[in-house]
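This report describes how two helices and the nonpolar interior are arranged in one protein chain. Please read it alongside the sequence and the coordinates.

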Amino acid sequence: MSQSLPAGRVLVEVFHALASMQSGELVECDAPVPARLRLEELAATLPSLFGAADLAPLERVLGRFGSEGGESLREVLLVSGEHVHVMKPLSRRRGVALIAMSTAKNSIGLVLSAVHQRAAELEGG
């Protein structure tokens with residue numbers, strides 16, 4: 001699925017998919033082929049990022065910035081020279097993450113807003 005949000009006079013297109021955090025495979029994706037391939041690559045990183053990886057060091061870093069102890073990782077944002085990628089585990093769909101990508105690297109706030117909106121829709125909120 002994709003969303004287009006207005007950013008001034010420019011539309012920000014965000015492509016979404018659902019992926020297994022254990023296998024790294026797409027569970028649901030209706031993005032066009034170029035975006036789908038990128039989402040498949042992003043999904044493949046989920047098991048190492050959320051499964052086997054020791055998140056304790058990252059949680060300690062987050063604690064230094066005021067994050068409360070015991071909080072779980074809510075989302076990961078990656079920004080490259082050409083794309084914004086977001087990985088957001090869904091709380092009501094255990095083992096499934098919403099992943100998203102956009103070329104709107106200069107509109108990160110709008111991309112995150114679209115991801116949060118889609119996550120709320122998926123979780124019935």
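In this predicted model, helix α1 spans residues 33–43, and its buried residues are A35, L39, L42 and A43. Viewed down the axis of α1, these buried residues fall within an arc of 95°, so they line one face of the helix. On the other side of α1, the exposed residues include V33, P34 and E41.

Helix α4 can be described in similar terms. Its 15 residues, 108–122, reach 21 Å from the first C-alpha to the last, which is close to the 21 Å expected at 1.5 Å a residue. Buried in α4 are V111, L112, A114, V115, R118 and A119. Seen down the axis of α4, its buried residues lie within an arc of 160°, so they too line one face of the helix. Just after α4, G124 adopts a positive phi of about 75°.

| Helix | Residues | Arc of buried residues |
|---|---|---|
| α1 | 33–43 | 95° |
| α4 | 108–122 | 160° |

The largest nonpolar core has 18 residues, and those with the most contacts inside it are L26, L39, L46, M87 and I99. Two or more residues of this core are given by each of β2 (10–20), α1, α2 (46–52) and β6 (96–102), with the largest share, four residues, coming from α1. Leaving aside neighbours within four places in sequence, I99 is in contact with several residues, among them F15, L26, L39, L42, A43, L46 and M87. A second, separate core has 15 residues, including L18, L98, L112 and V115; L112 and V115 are also among the buried residues of α4.

Key: Residues numbered from 1 in each chain as written. Predicted model: local features only at pLDDT ≥ 70, side-chain atom pairs only at ≥ 80, totals over all residues. Heavy atoms only, no water. Expected span 1.5 Å × (residues − 1). Buried < 20%, exposed > 50% of the residue type's maximum accessible area, 1.4 Å probe, protein only. Arc of directions from axis to C-beta. Core = buried A, V, L, I, M, F, W, Y, C linked by side-chain atoms within 4.5 Å. Contact = heavy atoms within 4.5 Å.
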